[in-house]
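Subject: Structure for your review

Dear colleague,

Please find below the structure that I agreed to pass on to you. I should be grateful if you would look through it alongside the notes that come after it.

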Amino acid sequence: MRVLYLNQAALSAKATSVVRDQHNQSRYLLVGKWGLRADVVSVYTIAGSLEAEVKQETLGLLPKFRLLYHRQLVGRVSKTFGVIREVLFVRGLNWIIMGNLNHGHFKIYHGRDLIASIDRVSASGNTVALTVDHPDHEALVICLATILDRWAKHQQRLPNPLKAWAPRTLSPGEVAPSVARQPVKKLAD
């Protein structure tokens with residue numbers, strides 16, 4: 001298994017970023033941008049050959065993406081509504097992504113086999129480590145890491161409606177404040 005490192009700040013800067021290995025050797029270039037329909041993020045080798053692409057198909061709360069490997073469609077990724085928000089499916093590849101968007105830790109499985117893990121490694125959270133089982137999967141895992149990073153940043157911007165409506169819990173010994181009530185008027189018969 002090889003470990004690749006990706007600068008997370010470069011993902012959102014819409015600039016070219018370099019993906020390096022554990023020996024600080026440049027391995028891949030990540031080029032592209034998000035935000036509009038048909039936007040593309042591409043992964044190139046340092047030699048300049050196109051390895052993989054992720055294309056945004058739809059916008060909205062549940063965007064859909066296509067994964068291409070050597071210009072061939074290999075899978076689709078989309079968010080789904082439901083109780084299990086931390087599980088994503090890569091249709092076509094039959095990969096399952098399990099993890100936490102807030103903490104940035106993910107594992108990608110094919111059946112019981114671990115394909116890759118994605119983890120934030122620096123204290124500031126600016127570096128992402130991709131541990132990949134096979135060199136053929138590296139470019140696809142980089143594409144998936146960009147999608148997960150986008151969803152994590154988008155989720156952080158959304159307000160949590162449950163947080164605003166949550167009841168206040170009282171500490172031990174604290175008395176609930178009284179609610180001012182207006183006198184009730186009697187209706188005339």
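The notes below cover paired strands, the nonpolar core and the cavities.

Please bear in mind that this is a predicted model.

Strands. Strand S3, residues 26-32, runs antiparallel to strand S4, residues 40-45, and five bridges join the two. Within this pairing, Tyr 28 lies opposite Thr 45 of S4. S4 also pairs with strand S5, residues 50-56, again in the antiparallel sense and over five bridges. Here Val 43 faces Ala 52 of S5. S4 and S5 form a hairpin in which four residues separate the strands, and Gly 48 in the turn has a positive phi of about 110°.

Core. The largest nonpolar core has 39 residues, and those touching the most other members are Leu 67, Trp 95, Ile 108, Ile 118, Leu 130 and Leu 144. Helix H2, residues 138-157, contributes the largest share of this core, 11 residues. Leaving aside residues up to four places away in sequence, Leu 67 touches several residues, including Val 54, Val 90, Leu 140 and Leu 144.

Cavities. Three cavities of 30 Å³ or more were found in the whole structure. The volume of the largest is about 120 Å³. It is lined by 13 residues, of which Gln 8, Phe 106, Ile 118, Val 128 and Asp 149 are the closest to its centre. The lining comprises nine nonpolar, two polar and two charged residues. H2 gives the most to this lining, with four residues.

Yours sincerely

Technical notes. Residues numbered from 1 in each chain as written. Predicted model: local features only at pLDDT ≥ 70, side-chain atom pairs only at ≥ 80, totals over all residues. Heavy atoms only, no water. Pairing = 2+ DSSP bridges. Core = buried A, V, L, I, M, F, W, Y, C linked by side-chain atoms within 4.5 Å. Buried < 20%, exposed > 50% of the residue type's maximum accessible area, 1.4 Å probe, protein only. Contact = heavy atoms within 4.5 Å. 1 Å grid on protein atoms, 1.4 Å probe; cavity = no way out; pocket = protein on both sides within 12 Å on 5 of 7 lines; lining within 4 Å. Points joined across faces, edges and corners; volume = space filled by probe spheres on them. Nonpolar A, V, L, I, M, F, W, Y, C, P; charged D, E, K, R; others polar.
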